[in-house]
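Work through the exercises below with the model open. Each task is followed by a solution in steps.

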Amino acid sequence: MTTHTAFVLNGQPVATEVRPDTTVLDLLRDHLGRKGTKEGCAEGDCGACTILFRRGGDAEAPMLAANSCIMSVAQIDGGEIVTVEGLAGEGAVLNAVQDEMAKNGSSQCGFCTPGIAVALTGLLARNPDPDEGAIHDALAGNLCRCTGYRPIVDAAKAAAARVRIEPAPAVDENLVTSHTDAGGATAHRPRDLRGLLMLRRDHPDAVLLAGGTDLGVPLAGYETGWPETITTGHVAELRRTDTGDDHWTFGAAITWEEVLDAVGQDYPSFATLIRRFGSTQIRSMGTIGGNIGTASPIGDGPPALIALGATITLVSLEDGERTMPLENFFLDYRKTQLRADEVIASVTVPRAKVGETMRTYKISKRYDQDISTVCGAYWLAMDNGTVADIRIAYGGMAAIPTRAPHAEAALRGKVLTPETAREAGEALASDFKPLTDWRGSAGYRQRVAANLIERLARDVAGETVEVMAL
């Protein structure tokens, strides 16, 4: 039986019968005739395919930029999409961003322009008076090889306070399903945790899809298909954030944009890292649970979360919940504690306390949206200038993100100075034997990891530390 995927597109309800593992970009261009959304990299890097998206059930949430090339139709049921064709609203030709970009020559070949206009519209709709940093952050996921960014930034400034997105009608609930079967592919959309766990048990070979920012890349390149998918984006328990006086508990389907909003004031260094490892397009879809569950040794979230002392809760129908320190979750390369019938339910992150500080540094070939060569994260509890306790975690140094116990021991109970930091850097040789790949040699990684501890000491002491790519 064929069932519909229903959503709102540019203010109008749409029901489509395409396979749920079709990319949203292909849906828009090939099935719905919205050719303004372009395919550039098909990897979520260039931003030519940018749309605005609000998931179903989140009517009060802002519409955020997202990469349609790595988003699947399974993820948009009940949601709302705005493409470049819908920015101006009914009866208008251009919105303020498009108008200002046309006036000041913000485009040349024009290929990237639709995605840029969409991304800036998303920014200005939720922030009518952004500073230049916010504009550059909104553009981090959009590459322009012709014009340069000065006139684009100027257009954003000129359009500020004049952009809004008209509210759209809700999707007809009679068309929104918990199951889509079309073209030989099936998507399950559970609404609660028990439903998710039952599907996980009954369909062990189905793709478990959260944000899709990792899994969507081979899908966009037509390297794979998903005959059966279980999405997590509508599971109420996984879309919840509980904020306490001393912690946050993030449901596994909470996006990195939502994590950024929560932790930015307590942990500004962590917030900087989140902005760097994902553009708005990636942060609005990528989830904290998905980033952990993919178990990449170069994932940027886990080192910071490990350093902060985060815990992870797993749940199954048979055994219920079990909670462990996040550092214990990773076993080997792409291997974790997660059992076949389990899902990641939540991640709990302690909030900052008096006397504690946290820093994280990422070394990569380019500043924004690049894979780490080394990512170091450091949490310290200070007592009268002495390191009372410390957690040091690295990504890119081993098969899993992990702590550096010998380096920690070298600093615990000592005053943090460049000299003691160098001693801790030497102790890293007992913690890691890094790999060599095209991003960096083993020797380079070892030296960088050690140098970052000295950088930590100078940073905490108040010295100006430049944030640089390689």
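**Exercise 1. A salt bridge across the chain**

Is Arg-162 buried, partly exposed or exposed? Then find its salt-bridge partner and place both residues in the fold.

Solution. The model is predicted.
- Step 1: Arg-162 has a relative accessibility of 45%. Partly exposed covers the range between 20% and 50%, so Arg-162 counts as partly exposed.
- Step 2: The partner is Glu-100, with the closest N and O atoms 2.8 Å apart.
- Step 3: Glu-100 sits in helix H2 (residues 96-103), while Arg-162 lies in the loop between helix H5 (150-159) and strand E6 (179-182). The two are 62 residues apart, so the pair links distant parts of the chain.
- Step 4: Check Glu-100 against the cut-off. Its relative accessible area is 12%. Buried means under 20%, so Glu-100 is buried.

**Exercise 2. Two further salt bridges and a network**

Classify the partners in Arg-201–Asp-202 and Lys-414–Glu-423. Then name the residues linked in a network of salt bridges.

Solution.
- Step 1: Arg-201 and Asp-202 form a salt bridge, the closest N and O atoms being 2.8 Å apart. Arg-201 is partly exposed at 46%; Asp-202 is partly exposed at 45%.
- Step 2: Lys-414 and Glu-423 meet at 3.4 Å, N to O. Lys-414 is partly exposed at 33%, and Glu-423 is partly exposed at 39%.
- Step 3: The network links Glu-327, Asp-389, Arg-403, Glu-408 and Arg-412.
- Step 4: The full count is 27 salt bridges.

**Exercise 3. Strand E18 and its neighbours**

Which strands does E18 pair with, and how many bridges join each pair?

Solution.
- Step 1: E18 spans residues 374-383, and eight of its ten residues are buried.
- Step 2: Eight bridges join E18 to E17 (residues 356-363), running antiparallel. Here Tyr-361 has Gly-376 as its bridge partner.
- Step 3: Nine bridges join E18 to E19 (residues 386-395), again antiparallel. Cys-375 stands opposite Gly-395 in E19.
- Step 4: E18 and E19 form a hairpin with two residues between them. In the turn, Asn-384 has a positive phi of about 55°.

**Exercise 4. Internal space**

How many cavities of 30 Å³ or more are there, and what lines the largest cavity?

Solution.
- Step 1: The count is three.
- Step 2: The largest cavity holds about 100 Å³. It is lined by 14 residues; the closest to its centre are Arg-55, Gln-75, Ala-210, Gly-233 and Met-285.
- Step 3: By class, this lining has six nonpolar, seven polar and one charged.
- Step 4: The second largest cavity has about 40 Å³. Its lining has four nonpolar, five polar and no charged residues, including Met-285.

Terms used: Residues numbered from 1 in each chain as written. Predicted model: local features only at pLDDT ≥ 70, side-chain atom pairs only at ≥ 80, totals over all residues. Heavy atoms only, no water. Buried < 20%, exposed > 50% of the residue type's maximum accessible area, 1.4 Å probe, protein only. Helix = DSSP H or I, 4+ residues; strand = E, 2+ residues; numbered from the N terminus. Pairing = 2+ DSSP bridges. 1 Å grid on protein atoms, 1.4 Å probe; cavity = no way out; pocket = protein on both sides within 12 Å on 5 of 7 lines; lining within 4 Å. Points joined across faces, edges and corners; volume = space filled by probe spheres on them. Nonpolar A, V, L, I, M, F, W, Y, C, P; charged D, E, K, R; others polar. Salt bridge = Lys/Arg side-chain N within 4 Å of Asp/Glu carboxyl O.
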